[in-house]
Amino acid sequence: MDKEISKNRSAVDTERDARLQFLTWERSAQDIGSDQQKKLKEELARSAGARIADSAYIARDARVFTASLVIGEGSWIAGHALVRGDVEFGSNCSVNPYACISGKVRCGNGVRIASLVSIVGFNHGFDDPDVPINDQPHIALGILIGDDVWIGANAVILDGVTIGNGAVIAAGAVVTKDVPKLAIVAGVPAKVVRRRGETVIARSRRGEVENALTRISKTAETEWRDALVRHSTPEGYISAEADGMVRKAIRHQCDAIEIAAGFGQPPTGDEAKSIIDRLQALQDPSNGFFPDPYRLPNPAANIREDTLALYNVLSIGYALEILGTHPSHPISGVELDASALFDWLESFPWSTRAWLCGDRVDAIATALYFNARYFKSGRGKEILFGWLATHVDRATGLWGKPTAEQGLLQPVNGFYRLTRGAYAQFGIPVPLPEAAINSVLSHYRSNRGFSGATYTACNLLDTIHPLWLCLKQTDFMRAQAENVAETIILQAQDRWVSGQGFAFADGQVAGLQGTEMWLSTLHLAADLLGIAGEFAFVPQGVHRARSVGQGL
């Protein structure tokens, strides 16, 4: 009888041991405190440099070949998992069967690693094609995984990656760059699809957005010519500006060109030639700037301080490009040595009027673009980007400071102008995209998405362009940015004035400036959502959404 009982008990123990290789979460206090488990931990301490908490559990068939191993309280490694290299697990971590953790890997507390996951904290050199890969050196940057992270089956995490607290790595994802905290990433390479705590955008809302975009597109494509005619006179275009006042300005001519070009119908033939002659004649050959003929600069002031003369570098310069030509003269007024350009940049009121500062940098960068593309340019681009790189606020990702009266309005709107002409135009990565996204979204939320007098083409464009630009480098807070883009499209569908276009701001009359800026804002919002093909207007000038200065 005793032999039969012993035999049955042995069979039960064997079955339980087999289950614990694959269903390791079934371990009990008795399993953890068993003589077999104690002996295994002692052996790993000798052979694998292991320091294993008393409440941790290592399945019999786990394969551990580490130089150093730390396993915290309540953690476990299942059978047939492979752990090698220099690895640390915090408390309450789990490694499922057939997972492979290699190289230098640091996990926080509560990390869940599913079956067939590969976490590879080293890399093989391969850059030299004349040396066999097996003879090239290993590189080990290491992998850092925060607390409360779930890594799904068949996911791969490559060397050098940091995964933030609370992140979720979807099954089959290949993680090649850092993952923000609370982010849910998926795909190859892995991208943020949303953040934990956020609701998934309903399909009905996306359909509503697409329908709204299509309606605006059809209306604008049908009526844009009427809007141009409405603001045209024999002496030139007269239109409402950002302050709501109706004036003559050379930018209205350029807005009209950009609107027509955005719908694929730029001026041609004799009309284009006449416009080119007029615009090129406005350039001052001594400095390259474009004084506005309707509001001439103060002759007693430095031309570099005249906002219109600087803005017209963009407005007129891009209009000329649309018409197939360019400024007649280099913009020599920006070709300064390092000391002089630094003095100019540092004379701007960054702490109080960051928007004005961004406006100036936009003009400087665009002038350098025209010089490099059509004339001989110096080292101004390198000097400018060097100064910007060392003056960006590392906390906000912006340039300039918030103000007591307006909060982040000045630096956020200035960020748009600065990066538009500099980073976006030259195809150069923004220095701190995630910090910038956070600042822009915080500003948007603090203003409740803007309303009344603040619901302007400027505030919406200066929100969507930074998000669109920074999301080319990261997926950080993409879901929130997409929500902003959708809201902009939905709220714009009733703002087109029949036969007149868009007003710059609620309560104002429609004008060319408002029309071009709103159309560009809608294109960027649609592009951020991946539905730009459904919108007929594509910006060609000041707000064009492609880098043209790469390699200059």
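**Exercises on a predicted protein chain**

Of the 552 residues in the protein chain, 53% count as buried. The model is a predicted one.

**Exercise 1.** Determine whether the protein chain is spread out or compact in comparison with the globule rule.

*Solution.* Begin with the content: the protein chain has 15 helices and 24 strands. Next, take the radius of gyration, which is 31 Å, and set it against the 24 Å that the globule rule gives for 552 residues. The value is well over the rule, so the protein chain is more spread out than a compact globule. Finally, consider the box filled by the C-alpha atoms, roughly 115 × 50 × 50 Å along the principal axes.

**Exercise 2.** Describe the sheet that contains β21, and locate its edge strands.

*Solution.* First, establish the order: 3 strands form an open sheet, β20-β21-β22, with antiparallel pairing. The edge strands are β20 (232–233) and β22 (246–248), each of which pairs on one side only. Then examine the link between β20 and β21 (residues 236–240): 2 bridges join these antiparallel strands, and Thr233 stands opposite Gly236 in β21. Lastly, add helix α5 (residues 250–262), which lies across β21 and β22 and runs at about 90 degrees to β21.

**Exercise 3.** Decide whether Asn287 is buried or exposed, and identify its surroundings.

*Solution.* Asn287 lies in the loop between α6 (269–281) and α7 (307–322). Its relative accessible area is 13%; buried means under 20%, and therefore Asn287 is buried. Leaving aside neighbours within four places in sequence, Asn287 is in contact with Ile303, Pro330, Ile331, Ser332 and Gly333. In addition, the side chain of Asn287 reaches the backbone nitrogen of Phe289 at 2.8 Å.

Key. Residues are numbered from 1 along each chain as its sequence is written. This is a predicted model: local features need pLDDT of at least 70, side-chain atom pairs count only at pLDDT 80 or more; totals for chains, interfaces and linings use all residues. Side-chain values use heavy atoms; hydrogens and water are left out. Two strands pair if DSSP finds at least two bridges between them. Helices (H or I, at least four residues) and strands (E, at least two) are DSSP runs, numbered from the N terminus. Contact means heavy atoms within 4.5 Å. Axes are lines fitted to C-alpha atoms, for helices over the stretch in contact, and angles run from 0 to 180 degrees between N-to-C directions. Buried means under 20% relative accessible area, exposed over 50%, partly exposed in between (1.4 Å probe, protein chains only). A polar contact is a pair of N or O atoms within 3.5 Å; within protein, one must be able to donate a hydrogen and the other to accept it, and residues adjacent in sequence count only if both atoms are side-chain atoms. The radius of gyration is taken over C-alpha atoms; the globule rule is 2.2 Å times the number of residues to the power 0.38.
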